[in-house]
Amino acid sequence: MAKRIIIAAQSTNRVIGKNNALPWHLPEDFKFFKQTTSHHAIIMGRNTFHSLPKLLPNREHLVLSQDANLSLEGAQVFTQLESALHYADQHHRKAFIIGGAQLYAYAMAHAKALHIEELLISWVNATIEGDSYFPIIDQNIWHLQQEQHVQKDERHAHAITFRRYTHTQFLNKEYL
């Protein structure tokens, strides 16, 4: 089974987007996302796929849509998250769920059943105006394992805290 991970960037007020776009430009967050997801599957909703400026190199794009007949150049289309995860299990070491809000809400609510092991959050240390939100992270389910801080500077309008959480059911799991 591929390791299953949710990856997101959110502001302190849980905003993840505005008008189907990121409401910030933070090079260190882009770098982290690229390094973390490269050579793995990325699973997203149709709107998230359309918000990408182009296909992200070195990643397989798995897109969820209610339209079973949808065809997207450069992407595999699935009608259920479970099907996309099963596909990733067959073809990849890791599968990253990258949004949007509806997919995050479903994945977080069903994380145990879906065997989602980790949550990688780029915490944007600011209150941001937006229209899509990340679900509340239940501290009884997600255990904070690691934090790394990036200070606000000339390239970053906001400080960022990279946080890695492990689902409680996987806390003692050994990885090869």
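Ile-6 stands opposite Ile-97 in strand E6. This is a predicted model, where local features need pLDDT of at least 70, side-chain atom pairs count only at pLDDT 80 or more, and totals for chains, interfaces and linings use all residues. Residues are numbered from 1 along each chain as its sequence is written, and side-chain values use heavy atoms, with hydrogens and water left out. The protein chain has 5 helices and 10 strands. Helices (H or I, at least four residues) and strands (E, at least two) are DSSP runs, numbered from the N terminus.

**The sheet**
- Strand E1 (residues 3-11) and strand E6 (residues 94-97) run parallel, joined by 4 bridges.
- Eight strands, in the order E5-E4-E3-E6-E1-E7-E10-E9, make an open sheet of mixed pairing. Two strands pair if DSSP finds at least two bridges between them.
- The edges are strand E5 (75-78) and strand E9 (142-150); each has a single partner strand, so one side of each lacks a neighbour in the sheet.
- On average, neighbouring strands of this sheet are turned by 25° against each other, direction ignored. Axes are lines fitted to C-alpha atoms, for helices over the stretch in contact; angles run from 0 to 180 degrees between N-to-C directions.

**Helices on the sheet**
- Helix H3 (residues 81-91) packs on the sheet and touches E1, strand E3 (41-45), strand E4 (60-64), E5 and E6. The direction of H3 makes about 160° with that of E4. Contact means heavy atoms within 4.5 Å.
- Helix H1 (residues 27-37) has Pro-27, Asp-29, Thr-36 and Thr-37 buried. Buried means under 20% relative accessible area, exposed over 50%, and partly exposed in between (1.4 Å probe, protein chains only).
- Those buried residues of H1 pack against E1, E3, E6, strand E7 (116-124) and strand E10 (160-167).
- His-39, just after H1, takes a positive phi of about 70°.

**Ala-75 in an edge strand**
- Ala-75 is found in strand E5.
- Buried or exposed: which is Ala-75? Ala-75 is buried, at a relative accessible area of 16%.
- Leaving out residues up to four places away in sequence, Ala-75 touches Phe-49, His-61 and Val-63.
- Ala-75 and Arg-59 are 16 residues apart along the chain, and their C-alpha atoms are separated by 10.0 Å.

**The whole chain**
- The C-alpha trace spans about 45 × 40 × 25 Å along its principal axes.
- Buried residues make up 48% of the 176 residues.
- Among contacts with a separation of 6 or more, 66% come from residues 24 or more positions apart.
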